[in-house]
Amino acid sequence: MLKTMGDYDDLDEEVYDEEEELYHMYFRQPNTIKPRMDNLENWSDAEFYEKFRFTKHTVVGLLEQIKNKLIHKTNKNNPVTPVQQLLITLGFFASGSFYITIGDFAGIHKTTTGKIIHRVCDAISSLLDQYVYMPSNTILDCTHVKIQSPGGEDADYYRCRNGYFAINVQAMCNASLKFVDIVARWPGSTHASTIFENSFVKSRFENKEFKDGLVLGGGCFPLRNYLITPIRNPQTEGEHRFNESHMKTRRIMEKCLRLWKKRFPILTTGMRCKVPLVQKIIVTTAILHNISIDCNETEPDVDGSSGEENDILFNCNEVVHQDARNDLIKYFSNSTN
């Protein structure tokens, strides 16, 4: 049996170890308030984007949606303002640095930094249904988000096929490179097909919630009437053309994942957090990724398809009946070059 997430509490960077607790008990320093920089005013637009991966305009717009969840009840003890909390969290996502480094930059203690990141993740995650929702046609894939070893007897469940510890994240996106569904709860060793078979979105498709909607998935996923996978050994011209279009369309998903990880380097550096916070960060950054697209944020420099190269599989609803893949193959067999 896998341990529950609470079993890994002692591994979280934000939690004091015993020696540090004793040190602060017997050698407590007087409270001091460090100066806190006004990051909205003190950085140029280019510097601000480099540090936080968003423009000031987008940050202010996001702040308006979540600030009520970040305001402290009183002004005692110089509380960290909502905008400071948001920028601390965005800076953490953009750098993947230690809490102590982020805290020093913001003029706060590392323990406060950890609490703020939790709080802001919860606030942004509350926007999930507003920014991550299913359309009719989507692309499906899985990707590994690197973490440090969670420790314990079950640590190897988190070791992915590439040898490092990770969460295996199932993601779906649309032709606009926006996430429409994300599952961030499985250890890195879990097979993609297992994640899909146990996902809520699978049951929604099974229940015909999306009518004739299609999901485009790789060969690691099971073929379903609604889940279109490539043909392993294509024989006819139509099958070859189907596979070619399938491959080109799936590049949209590949680019979506590259953009996401490029904008938020914390997803690739190996998060030094307990697993529940890692899961929160994955979902939070997926929401922020969609917000960046809605706000036409400058894309990080990522090679690959723009998503407009070939999305013909998104435009074939008229050929979908009971055997969707065969209908699509017939479509390509009968279409002209």
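Visitor: What makes Cys-142 count as buried?

Guide: In this predicted model, Cys-142 has a relative accessibility of 17%. Buried means under 20%, so Cys-142 goes in that class.

Visitor: And why is Cys-220 called partly exposed?

Guide: The relative accessible area of Cys-220 is 35%. The partly exposed class runs between 20% and 50%, so that's where Cys-220 lands.

Visitor: How do you know that Cys-142 is in no disulfide?

Guide: Look at the sulfurs. The nearest cysteine sulfur to that of Cys-142 belongs to Cys-220, and it is 6.5 Å away. A disulfide needs the two sulfur atoms within 2.5 Å, so this pair is too far apart for a bond. Across the model, the count is zero disulfides.

Visitor: What makes Ser-97 buried, and where does Ser-97 lie?

Guide: Ser-97 lies in the loop between α5 (82-95) and α6 (99-106). Its relative accessible area is 17%, and the cut-off for buried is under 20%, so Ser-97 qualifies. Leaving aside neighbours within four places in sequence, Ser-97 is in contact with Phe-92, Ile-102 and Arg-272.

Visitor: Why are α11 and α13 called roughly perpendicular?

Guide: The axes of α11 (residues 237-263) and α13 (residues 275-294) cross at roughly 105° and come within 10 Å. Angles from 65 to 115 degrees count as roughly perpendicular, so the label fits this pair.

Visitor: Which residues make that contact, and how do they divide by type?

Guide: From α11 you get Cys-256, Leu-259, Trp-260 and Arg-263, and from α13 Ile-282, Thr-285, Ala-286, His-289 and Ser-292. They divide into five nonpolar, three polar and one charged. Arg-263 is on the α11 side, and Arg counts as charged.

Visitor: What makes Trp-260 and Ile-282 stand out in the largest nonpolar core?

Guide: They have the most contacts inside that core, which has 74 residues. The element giving the most to it is α13, with 10 residues. Leaving aside neighbours within four places in sequence, the contacts of Trp-260 include Val-145, Val-169, Phe-179, Leu-267 and, over on α13, Ile-282 and Ala-286.

Visitor: Which residues are in the second, separate core?

Guide: That core has 17 residues, among them Met-134, Cys-142, Val-180 and Ile-195. Core members have to be buried, and that brings us back to the start: Cys-142, at 17%, counts as buried.

Technical notes. Residues are numbered from 1 along each chain as its sequence is written. This is a predicted model: local features need pLDDT of at least 70, side-chain atom pairs count only at pLDDT 80 or more; totals for chains, interfaces and linings use all residues. Side-chain values use heavy atoms; hydrogens and water are left out. Buried means under 20% relative accessible area, exposed over 50%, partly exposed in between (1.4 Å probe, protein chains only). Helices (H or I, at least four residues) and strands (E, at least two) are DSSP runs, numbered from the N terminus. Contact means heavy atoms within 4.5 Å. Axes are lines fitted to C-alpha atoms, for helices over the stretch in contact, and angles run from 0 to 180 degrees between N-to-C directions. Angles under 35 degrees count as roughly parallel, over 145 as roughly antiparallel, 65 to 115 as roughly perpendicular and the rest as oblique. A nonpolar core is a set of buried Ala, Val, Leu, Ile, Met, Phe, Trp, Tyr and Cys residues joined through side-chain atoms within 4.5 Å.
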